[in-house]
Amino acid sequence: MNCIHCDRPAHSVCRFCGRAVCREHIQTLPHIEALYQNEKGVQTALVVADAVYCGLCHPKEDPVELPQLK
Ligand SMILES: [Zn+2]
Ligand SMILES: [Zn+2]
């Protein structure tokens, strides 16, 4: 598989969409691997801080803030 940006051999794959990226074009984003609720009812998340991101896709699986919903 080649890099989606430059068409050279890719080193990694976007954690969010599966596009391939080379070392030069790799980006990172926090990725929530799993959500848990502890015994006190508090939501906690297992987060990978630097998951591979292609820079092109728009991940929607992570919770996003919606400031317009007040
Ligand atoms: Zn590249
Ligand atoms: Zn992507």
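This passage describes the two zinc sites of a predicted model. Local features are reported at pLDDT of at least 70 and side-chain atom pairs at pLDDT 80 or more, while totals for chains, interfaces and linings use all residues. Residues are numbered from 1 along each chain, chains are lettered from A and ligands numbered from 1 in the order in which they are written, and side-chain values use heavy atoms, without hydrogens and water.

The zinc ion (ligand 1) is bound by Cys3 (SG), Cys6 (SG), Cys22 (SG) and His25 (ND1) at 2.0 to 2.3 Å; donors are N, O and S atoms within 2.8 Å of the metal (3.2 Å for Na, K and Ca). Along the chain the spacing of these donors is C-x2-C-x15-C-x2-H. Cys3 precedes strand S1 (12–13) and Cys22 occupies the loop between strand S2 (20–21) and strand S3 (27–37), so the pair ties together parts 19 residues apart in sequence; strands are DSSP runs (E) of at least two residues, numbered from the N terminus. Cys3 and Cys22 are both buried (under 20% relative accessible area, with a 1.4 Å probe and protein chains only). The site is tetrahedral because its donor atoms subtend angles of 99 to 118°, four donors counting as tetrahedral if all angles lie between 85 and 135 degrees.

The zinc ion (ligand 2) is coordinated at 2.3 Å by Cys14 (SG), Cys17 (SG), Cys54 (SG) and Cys57 (SG). Its site is also tetrahedral, with angles of 107 to 115°, and the donor spacing is C-x2-C-x36-C-x2-C. Cys17, in the loop between S1 and S2, and Cys57, in the segment after strand S4 (43–53), tie together parts that are 40 residues apart in sequence. Cys57 is buried at 10% relative accessible area, whereas Cys17, at 35%, is partly exposed (from 20% to 50%).

Technical notes
Tetrahedral: all angles 85-135°; square planar, octahedral: opposite > 155°, others 65-115°. Helix = DSSP H or I, 4+ residues; strand = E, 2+ residues; numbered from the N terminus.
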